[in-house]
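Work through the exercises below with the sequence and the 3D structure open beside you. Try each task on your own before you read its solution.

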Amino acid sequence: MIFKFEPLYFQRVWGGRTLEKIFRRQMPKEVAIGESWDLVDRKDFQSVLISPQKSKITIRELLKSNHPKIMGPGWDQNMRFPVLVKWLDCAERLSLQVHPPKELAGSLKGEPKTENWYVAHTWADSGLFVGLKLGTTKENFLQALVDKKLESVCHRIPSSAGDSILVESGRMHAIDGGNLILEIQQNSDTTFRVYDWERVGTNGTPRELHIDESLKCIDFNDFEPTVTKSSATPIQILAECDHFRIRKFKANANEVISLKASNEQCMIINPINSDIKIKNIEVSKGELGLSPYEHECEVRFKESGDLIVTDNFHKPVT
């Protein structure tokens with residue numbers, strides 16, 4: 001048993017059409033799509049179950065009616081699903097931004113957000129801005145902001161397919177153009193923009209900045225973090241934090257791997273470059289599957305490829 005959901009697409013000034021080209025997605029025509037939210041349980045946005053009966057069941061309704069079977073013991077049916085999963089098509093550079101740490105989020109009327117980036121594809125001169133260059137002070141940063149020369153103090157890492165990095169709350173960051181990224185994050189939508197490279201939005205006017213809030217949140221001791229590079233091992237831990245664990249599984253064509261037994265914690269499954277089958281249900285590369293608590297999960301790979309698996313966002317009480 002596996003649940004799949006309809007993606008929610010969002011136009012962004014920095015977006016493109018890469019999801020259509022690589023994953024054969026059917027998307028809104030003639031607009032730059034920057035984000036595809038593939039799993040979301042928020043008041044304003046809801047994932048809708050892909051159902052043979054064509055019924056419009058949201059993830060909120062699904063959890064309220066079936067939470068013991070999906071999440072396992074100890075789950076409060078009124079809690080929102082704790083993880084939000086999206087694809088980011090970064091045809092151009094995103095804004096320089098930060099998410100508020102837990103201890104500041106409430107006072108800034110926001111939510112904390114730790115996220116992980118998995119780089120699925122790159123092109124052009126791709127890279128990631130993460131943290132500060134060694135030795136940068138808050139005063140250096142403020143002067144660079146005034147001079148509009150923030151690239152001089154921001155740490156930029158060239159990116160390659162298979163790279164992964166954890167972006168914790170308080171870490172300043174921006175995704176440069178040329179990246180297709182799977183972002184797995186806390187269920188939050190609070191972002192403070194500190195700089196947007198003198199760009200205008202889709203309406204032709206400069207996008208809103210949140211400089212005061214950003215300066216309160218940025219960790220000015222966060223110097224030159226590194227990415228986790230792809231390894232040849234069958235199982236690789238990409239990220240492990242208080243909010244989730246992310247692993248990458250490698251397999252050959254027609255290989256079957258067992259991810260979980262029945263009555264084990266719920267998992268999120270993202271095939272990257274091979275279609276997979278779970279029982280008789282196909283999950284295409286670029287799609288998302290949710291494996292519920294009550295069912296085992298064995299995956300057959302159609303081609304040699306990589307599978308991203310997210311868990312530890314809820315550990316059932318036994």
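The exercises that follow concern a predicted model, and they go from the whole chain to single residues.

**Exercise 1. The chain as a whole**

Task: Describe the secondary structure of the protein chain, and decide how its radius of gyration relates to the globule rule.

Solution. Begin with the secondary structure, which comes to five helices and 22 strands. Next take the radius of gyration, which is 20 Å for the protein chain, close to the 20 Å that the globule rule gives for 318 residues, so the chain is as compact as a globular protein of that length. For the outline, note that the C-alpha atoms fill a box of roughly 60 × 40 × 40 Å along the principal axes. Then turn to burial: of the 318 residues, 56% count as buried. Finally, consider the contacts between residues at least 6 apart in sequence, of which 74% join residues at least 24 apart.

**Exercise 2. Surface and charge**

Task: State what share of the accessible surface belongs to carbon and sulfur atoms, and how many positive and negative side chains the protein chain has.

Solution. The accessible surface comes to about 14,300 Å², and carbon and sulfur atoms account for 48% of this area. Counting charges gives 42 positive and 44 negative side chains, and the centres of these two sets lie 3 Å apart. Side chains of opposite charge can pair when their charged atoms come close. In this structure there are 25 salt bridges, and the next exercise looks at some of them.

**Exercise 3. Salt bridges across the sequence**

Task: Find the salt bridges that Asp41 makes with Arg60 and with Arg80, and say which parts of the chain they link.

Solution. Start with Arg60 and Asp41, whose side chains meet in a salt bridge with an N to O distance of 2.9 Å. Arg60 lies in helix 2 (residues 59–70), while Asp41 lies in the loop between strand 3 (33–39) and strand 4 (48–49), so the pair ties together parts that are 19 residues apart in sequence. As a second step, pair Asp41 with Arg80, where the N to O distance of the salt bridge is 3.0 Å. Arg80 sits in the loop between helix 2 and strand 5 (83–90), and this pair links distant parts of the chain, 39 residues apart. The last step is to compare each relative accessible area with the limit for burial, which is under 20%. Asp41, at 0%, is buried, and Arg60, at 13%, is buried as well, whereas Arg80, at 35%, is partly exposed.

Task: Repeat the reasoning for Asp176 and Arg93, and then name the residues of a salt-bridge network that includes Arg12.

Solution. The closest N and O atoms of Asp176 and Arg93 are 2.9 Å apart, and the two residues form a salt bridge. Asp176 belongs to the loop between strand 11 (173–175) and strand 12 (179–186), and Arg93 to the loop between strand 5 and strand 6 (96–98), so the pair ties together parts that are 83 residues apart in sequence. Asp176 is buried at 8% relative accessibility, and Arg93 is buried at 19%. The network asked for links Arg12, Glu35, Lys86 and Glu183 by salt bridges.

**Exercise 4. Surroundings of two buried residues**

Task: Locate Phe129 and Lys4, and list residues that each of them touches.

Solution. Phe129 lies in strand 8 (residues 127–132) and is buried, with a relative accessibility of 2%. Beyond its neighbours within four places in sequence, Phe129 has contacts that include Trp117, Cys154, Ala174 and both Arg93 and Asp176, the two partners of a salt bridge from the previous exercise. The C-alpha atoms of Phe129 and Ala174 are separated by 4.9 Å, although these residues are 45 residues apart along the chain. Lys4, in turn, lies in the segment before strand 1 (5–6) and counts as buried at 17% relative accessibility. Leaving out residues up to four places away in sequence, Lys4 touches several residues, among them Val48, Leu49, Ile281 and Leu288.

**Exercise 5. Backbone angles**

Task: For Lys148 and Glu198, give the phi angle and the place in the chain.

Solution. Lys148 is not a glycine, yet it has a positive phi of about 60°. Lys148 lies in the loop between helix 4 (138–147) and strand 9 (154–158), and it is partly exposed at 49%. Glu198, also not a glycine, has a positive phi of about 60°, and it is found in the loop between strand 13 (192–195) and helix 5 (211–217).

Conventions: Residues numbered from 1 in each chain as written. Predicted model: local features only at pLDDT ≥ 70, side-chain atom pairs only at ≥ 80, totals over all residues. Heavy atoms only, no water. Salt bridge = Lys/Arg side-chain N within 4 Å of Asp/Glu carboxyl O. Helix = DSSP H or I, 4+ residues; strand = E, 2+ residues; numbered from the N terminus. Buried < 20%, exposed > 50% of the residue type's maximum accessible area, 1.4 Å probe, protein only. Rg over C-alpha atoms; globule rule 2.2 N^0.38 Å. Contact = heavy atoms within 4.5 Å. Areas by Shrake-Rupley, 256 points an atom, 1.4 Å probe, with all protein chains shown as cover. Lys, Arg positive; Asp, Glu negative; His and termini not counted. Charge placed at Lys NZ, Arg CZ, Asp CG, Glu CD.
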